[in-house]
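Student: I'd like a close look at a single part of this one. Could you take me through it once it's up?

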Amino acid sequence: MNFEFNDEQHLIRDQARSFLRDNCPSSTVRGVLEGEELYSDALWKQICELGWTATVIPEEFGGLGLSYLELVVIAEEMGRACAPIPFGPSVYLATEAIMAAGTDAQKKKWLPQLAEGAAIGTLAYAEGPGETFSSALGTSAAKDTITGKKCAVANGNIASVVCVLAASDGAEGASMYLVDISETGVNAKTINTLDPSLSYADVSFNAANCELLGEQGEGWSLLNALLNRAAVLYAWEQLGGAETCLEMAKEYAMQRYAFGRPIGSFQAIKHKLAEMYVKNTLARSNAYFGAWALNSDADELALAAATARVGSCQAYYYASKENIQTHGGMGYTWEFDCQFFYRRSKALAVLIGSERQWQEKLISASDLVAV
Amino acid sequence: MDFEDSKEEAAFRAEARAWLENNIPSENDLAGLDELQRAKRWQAKKAAAGWACIRWPNAFGGRDATAIEHVIWQQEEAKVDVPNTSSFFGIGQGMAGPTLMSWANDHDKARFLPDLASGEKVWCQLFSEPAGGSDLAALRTKAEKEGDDWIVNGQKIWTSGAHYSDWGILVLRTDPSLAKHKGLTYFYVDMKSEGIEIKPIKQISGESNFNEVYFTNVRIPDSQRLGDVGQGWHVALTTLMNERASIGAGNTGANFDSVKALAQQVTINGKPAIEDSAVRAKLANWFVEEAGLKYTAYRTLSALSKGELPGPENSIGKLVGARKAQDMASFAIDLLEQQGVEMDAEKDLAFNSVFQLNYMGIPGLRIAGGTDEIMANIIAERVLELPQEPRMDKGIPFSEVPTGS
């Protein structure tokens, strides 16, 4: 039994943690949250130089050719630091989509740019409030152009390349299309969100040039395969955020005195923090299994991804809200950092399908895999 | 990351499996024996071949095995149909054994440990008292020195297996004028001693797994003391560390598989309950907890496999497992609707009344071996290192501690 990261992977985690501690302090998150900048360009350039965006991209396309076990430890540290950069949508979604379904030409064009961070990518599928249906897509492709509108696209206003789910051009069902955002007919309009430390836009396409990504009519299954992979990677990022919340709550509970004693000595607080620890520990163990399934392309991936995703959504939500609660009134102030994680936990919780959707997927997947 | 045994582990597993397959007792071997006798028969067979208490030193009936080998052995033994030995010997071998190993003299180790390993003698643990449960050190059963003996008076409670045990380990108050933790001393006692009276406790489940044990002028020789006089709490910690390792929540009865199977059989609005999104959401949450515990155990095994000690993450098993099983049993009964109330071992009911049995059994599991609240305190204080609650009983003689009675 070796259900653990190896020494090199631990080393990457330590390096990532110490790098982000030095280069992504809470003032960096606050800078983006409060300022005009859509993301921290300085931090983005640094992490690209470190090769984090290139982690799993094969060497022939300018990547480092490392495994997903290296990527998940970086993802956890991204979450821990609440990093205000376009990492997830670019690395977990767009890069994965092109690696999974791109033609050789598409890979050659985009992967080296994504690897070095010169290009930022994203994936767009939602079109309005509520769940997206493959049969009800308003966006459609015709004659190598795409028309329609996608809503609340993460990185929508900063991406160079967008993978867009749309009704197929002359075929049944949905297909995935690759759109170079510099093409005429693409218009991204920045929107205000719950988490201004990330960047979102509504993106409209008006007969913009597009290329088919993957097989005609296979867009929906490609999307689901991509979401399964992203669910594991986001689960690690969410877990990282949840761990920071526990650490913050713990530190505050030791320092803050009430009734002549540290509030951390009251069982009401202790039990709250113990519950955070329990949820985080279970989420971590499920994230391990997700990482194993992703890295080994196991049959269990759909089940492992859903399990990791639901566990991390719940752990992050609980830890981020109870972190504010532990901080009392100060936790509710703009000045304190508790808000970063409360915002981020919900932003990530709906980014690739809500907890409810993943609970549904989990049960469906459990029918197929011997549990 | 992989789930494979190392070469040495695989060889050990093969050896264990081969021995088990060749030595499974037949129904003939066990005919006419009750559960305890069956357990003793199987345990003796294992001991004779060196497969009892395998982590113990060879000299005391063990095999000098490593922690990971112990886990492998348990996994393999669980795969074959053999008498359940842990319910009878688990406390003695899991708690009394390690305590004797750390604190008894060589003569007593040689005298008691091999018999304990082979199941020849059964040991119980007499710690809790009516006035000392979660606050174990508040125990009051007193021992007064008289010559070379101690005279014991008082009452213990929640003692599993007292009625079939040969020996018991116990902590007694030897000096009430000292502060709470300082006036305790640790002993072992012959359960057949004059003055010991055992009364079974009927639980809300109708079963009787525990006893009250009354001590009236029971004589314990000073030679049966473990550790120094006044060192009892320190010795007891050895036992308790092992208790946490040995009381798990199990995962039988109401679990993901059984409740999902039920949801496939019963209907909601004329359709299988499993198609109802509220049912699916609940099942998914329980699956996440069940899988989380399973993979937490895998992480522990990985640490053991590398020769490391298990981390504190293991302490969450009972806490999460017990409350999950209770909630799942309750929900399964809800799914059965009106008929969920029926519980009859004699009738061929859905799932053999397992959910109802669980519903009545789990409240005890949330209390035994550390209540949910104590487990949460342990996580908060030992893992997260939060400060202890200020206490009213510190630094004063035990006899002056407020008791509310």
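Student: In the hairpin of β4(A) and β5(A), which residue takes a positive phi?

Tutor: That's A:G170, with a phi near 70 degrees, in a hairpin that has six residues between its strands. Some ground rules: this is a predicted model, where local features need pLDDT of at least 70, side-chain atom pairs count only at pLDDT 80 or more, and totals for chains, interfaces and linings use all residues. Residues are numbered from 1 along each chain as its sequence is written, while chains are lettered from A and ligands numbered from 1 in the order in which they are written. Helices (H or I, at least four residues) and strands (E, at least two) are DSSP runs, numbered from the N terminus.

Now the hairpin's strands. β4(A) covers residues 161-167 and pairs with β5(A) in the antiparallel sense, over seven bridges; pairing takes at least two DSSP bridges between two strands. Within that ladder, A:L165 has A:M176 of β5(A) as its bridge partner.

β5(A) also has a link to β8(A), residues 211-213: the two run antiparallel and are joined by three bridges. There, A:L178 stands opposite A:E211 of β8(A).

As for the surroundings, β5(A) spans residues 174-180, and six of its seven residues are buried, so the rest of the structure largely encloses this strand. Buried here means 20 or more other C-beta atoms within 10 Å of a residue's own, with exposed at 12 or fewer and partly exposed in between; the C-beta atoms are placed from the backbone.
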